[in-house]
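Visitor: I have a structure open and don't know where to start. Can you walk me through it?
Guide: Yes, here it is.

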Amino acid sequence: MFIDKINESTSILSTMNELDTMIWQTVADIPFGKVMTYGQIAKRCGYPGYARYVGTVLKNLPANTLLPWHRVINAQGRSSFPEGSDKYAMQIQCLRAEGIVIHNGKIQLSVYQHH
DNA sequence: GAGCTGACACACA
DNA sequence: CTGTGTGCCAGCT
């Protein structure tokens, strides 16, 4: 029925907003000096396979956000920004400020990954 | 509706 | 270890 279509779509919409919120929560819960990967966050939120979506959500964060987005890196233990960019330098700097050691742009997940 | 494009991940060479 | 191919999925053309 027509009304069901509307409810269905709004339900999907609210699910997506809910996912955004869960992603924010998960990122906010990463302790100082630890990191998590995109895929890991997606899984924790109950949405395996949504690694890329985690990235788009973080991208849409306001520049002045208090969320520790710098603690989110890719599965290779590297920043996902191009190596010369401002964002890249920014992320590396923030991580180093938390005592995380980065060697040749690589972070040892075996040491710093938050489970 | 059909492609393209990413702040991704994984397997394999 | 680095490069390449493939799968993935929401958001934008």
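Visitor: Which residues come nearest to DNA strand B?
Guide: Gly39, Arg52, Lys59, Ala75 and Ser80 come nearest, out of 13 residues around DNA strand B. A residue counts as near a molecule or strand if one of its heavy atoms lies within 4 Å of it. This is a predicted model, where local features need pLDDT of at least 70 and side-chain atom pairs count only at pLDDT 80 or more, while totals for chains, interfaces and linings use all residues. Residues are numbered from 1 along each chain as its sequence is written, chains are lettered from A and ligands numbered from 1 in the order in which they are written, and side-chain values use heavy atoms, with hydrogens and water left out.

Visitor: How much of the DNA strand B side is sugar and phosphate?
Guide: Sugar and phosphate make up 41% of the atoms of DNA strand B that come within 4 Å of the protein.

Visitor: What does arginine 52 reach on DNA strand B?
Guide: A base nitrogen, which lies 2.4 Å from a polar side-chain atom of arginine 52. Leucine 58 has a polar backbone atom 3.5 Å from a base nitrogen of DNA strand B. Alanine 75 has a backbone N or O atom 2.6 Å from a phosphate oxygen of that strand.

Visitor: Which elements give two or more residues to that surface?
Guide: Helix H2 (38-44) and H3 do, and H3 gives the most, with five residues. Helices here are DSSP runs of H or I with at least four residues, strands are runs of E with at least two, and both are numbered from the N terminus.

Visitor: And what classes of residue are on the surface near DNA strand B?
Guide: Six nonpolar, five polar and two charged. Ala, Val, Leu, Ile, Met, Phe, Trp, Tyr, Cys and Pro count as nonpolar, Asp, Glu, Lys and Arg as charged, and the others, Gly among them, as polar.

Visitor: OK, the other strand. Which residues are around DNA strand C?
Guide: Gly49, Tyr50, Arg52, Tyr53 and Lys106. They divide into two nonpolar, one polar and two charged. Of the atoms of DNA strand C within 4 Å of the protein, 76% belong to sugar or phosphate, and the rest belong to bases.

Visitor: What do the tyrosines do there?
Guide: Tyrosine 50 has a polar side-chain atom 2.6 Å from a phosphate oxygen of DNA strand C. For tyrosine 53, an N or O atom in the side chain is 3.2 Å from a phosphate oxygen of DNA strand C.

Visitor: Changing topic. How many helices and strands does chain A have?
Guide: Five helices and four strands, in the order α-β-α-α-β-α-β-β-α along the sequence. Of the 115 residues of chain A, 37% count as buried, which means under 20% relative accessible area; exposed means over 50% and partly exposed in between, with a 1.4 Å probe and protein chains only.

Visitor: Where is glutamate 98?
Guide: In the loop between helix H4 (86-97) and strand S3 (102-103).

Visitor: Why does glutamate 98 count as buried?
Guide: Because its relative accessibility is 12%. Leaving out residues up to four places away in sequence, glutamate 98 touches Phe32, Gly33, Lys34, His70 and Arg71, where contact means heavy atoms within 4.5 Å. The side chain of glutamate 98 reaches the backbone nitrogen of glycine 33 at 2.8 Å. Glutamate 98 and phenylalanine 32 are 66 residues apart in sequence, yet 6.6 Å apart in space, C-alpha to C-alpha.

Visitor: And glutamine 40, where does that sit?
Guide: Glutamine 40 is in helix H2 and counts as buried because its relative accessibility is 17%. A polar atom of its side chain lies 3.1 Å from the backbone nitrogen of threonine 37.

Visitor: What does the side chain of glutamine 113 make a polar contact with?
Guide: The side chain of glutamine 40, at 2.8 Å. A polar contact is a pair of N or O atoms within 3.5 Å; within protein, one must be able to donate a hydrogen and the other to accept it, and residues adjacent in sequence count only if both atoms are side-chain atoms. Glutamine 113 itself is in the segment after helix H5 (109-112).
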